[in-house]
Amino acid sequence: MKIGIVLYPTFGGSGVVATELGKALAKQGHEVHFITYEQPVKLDRFYQNIYYHEVKVQDYPLFDYPPYEVVLTSKLVDVSLYEKLDILHVHYAIPHASAAFMAREILKSKGVYIPFITTLHGTDVTLIGKDPSFEPVISFAINQSDAVTAVSESLKEETYKYFEVNREINVIHNFLCEEEYNIPKNVEKIKKEVAPNGEKILLHVSNFRKLKRVQDIIEIMNLLKDKANVKLLLVGDGPERAKAEILCRKYNLCDKIKFMGKLKDTDMVFAISDIFILPSEHESFGLAALQAMAKGKPVVSSNIGGIPEVNINGVTGFTENVGDIEAMANDILKLVSDNELYNRFAENAYQKAKEFELSRILPLYEKLYNEVLAKKHLAEA
Ligand code: GMT
């Protein structure tokens, strides 16, 4: 099969999932064409069967807002025709699904039908979707897709709730690649360097957007400071980092909290950590929590969106109401002071994460591609 994948090429979970999906499909022998504005971060070298097409928007003085969606549409038409694609798989409803719709219509006028599948990742539906000005475009693009997937049951339900959507949505959960379950070498040595006094290492990884509630984590550290021997690693960067740093100084916690900034490779930080914290006020899935669980780390999180489909309360960690920092601090205290509980949760977290291994999820996408193509061939016959 020849598959075009459209994605946001950044560190975000959706970009990573889309890139890893493409890499896995290429390994299966499919030909994969990534189409986006920048080399995807996880596509850093030569891979057999993989091609990358850059969408370049020219800066014309006439345009205050260069028309990315139009340039993307033209690129989709061009790549579909000349690379003879069978199918397009777009990650994020806007602007990717609407561009794919437009491309499909243009191609139809040339006598070619290229179906497109839309995968909803979250922010497109739950946040942007709540801005009514986008609703008609998102609803239309979702309804017009040849198939739609959502990364959690919760996201599927929210899509039905917020949009005029009247079609089937398949839930295909996010996944991790096999190697993400491995523990790298030197973990103990590095752990000792980071926590020389035997501190338990708490970890948070995100893009520090407001909805991640990074300040809650600093508040939790403040509640724990005289009760537990813990250290916090904050990995990532974004709009709320400065506020979190100020709070950290205010509470005199700078020796216990390390802002690591963006890391290209987070494997080691997940491996050396003891507990992952995700207090988000919205999260359609929570890929970072899953990455921690794959390394056998219990998660303390909010109970919002798709998180409870990954982090099972009282089994793989704890889930609490958004903003309940006392409860989250208590959960961490329980985990760091009870070895038996910690080890049980750690094993459960690993086992739960195994349910999301690539080898289980990839066939679901391939099956869906085949179903969509079979429908297309039936319509053509
Ligand atoms: O969470 C973000 O800010 C990034 C965003 C993205 O586009 O990658 O994440 C969304 O998609 C991820 C992959 O499917 C999910 O794991 C995240 O939960 C989801 N974020 C939100 O719903 C806020």
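**A tour of a pocket and a ligand site**

Helix 7, residues 187-194, contributes 3 residues to the lining of the second largest pocket, the most of any contributor. The model shown here is predicted, and this helix is a convenient place to begin.

Select next the full lining of the second largest pocket: E188, K191, K192, A195, P196, G198, E199, K200 and D274. Colouring these residues by class gives 6 charged, 2 nonpolar and 1 polar. The space that the second largest pocket holds is about 150 Å³.

Proceed now to the ligand. Display the 19 residues around the ligand, and among these note S14, Y92, H121, N207 and R209, which come nearest. Of the residues in this shell, 11 are polar, 5 are nonpolar and 3 are charged.

Which residues have polar atoms to inspect beside the ligand's oxygen atoms? Three selections may be made in turn:

- S14: a polar backbone atom of this residue is 2.7 Å from an oxygen atom of the ligand.
- K212: here a polar side-chain atom lies 2.7 Å from an oxygen atom of the ligand.
- L287: a polar backbone atom of this residue is 3.1 Å from an oxygen atom of the ligand.

A surface display of the ligand is useful at this point. Taken alone, the ligand exposes 480 Å², and the protein buries 94% of that area.

Finally, colour the two domains separately: domain 1 spans 2-175 + 358-380, and domain 2 spans 178-354. Why does the ligand lie between them? Both domains give residues to the shell around the ligand, so the ligand lies between domain 1 and domain 2.

Conventions. Residues numbered from 1 in each chain as written. Predicted model: local features only at pLDDT ≥ 70, side-chain atom pairs only at ≥ 80, totals over all residues. Heavy atoms only, no water. 1 Å grid on protein atoms, 1.4 Å probe; cavity = no way out; pocket = protein on both sides within 12 Å on 5 of 7 lines; lining within 4 Å. Points joined across faces, edges and corners; volume = space filled by probe spheres on them. Helix = DSSP H or I, 4+ residues; strand = E, 2+ residues; numbered from the N terminus. Nonpolar A, V, L, I, M, F, W, Y, C, P; charged D, E, K, R; others polar. Near = heavy atom within 4 Å. Polar contact = N/O pair within 3.5 Å; in protein donor to acceptor, adjacent residues only side chain to side chain. Areas by Shrake-Rupley, 256 points an atom, 1.4 Å probe, with all protein chains shown as cover. Domains from an automatic or database assignment.
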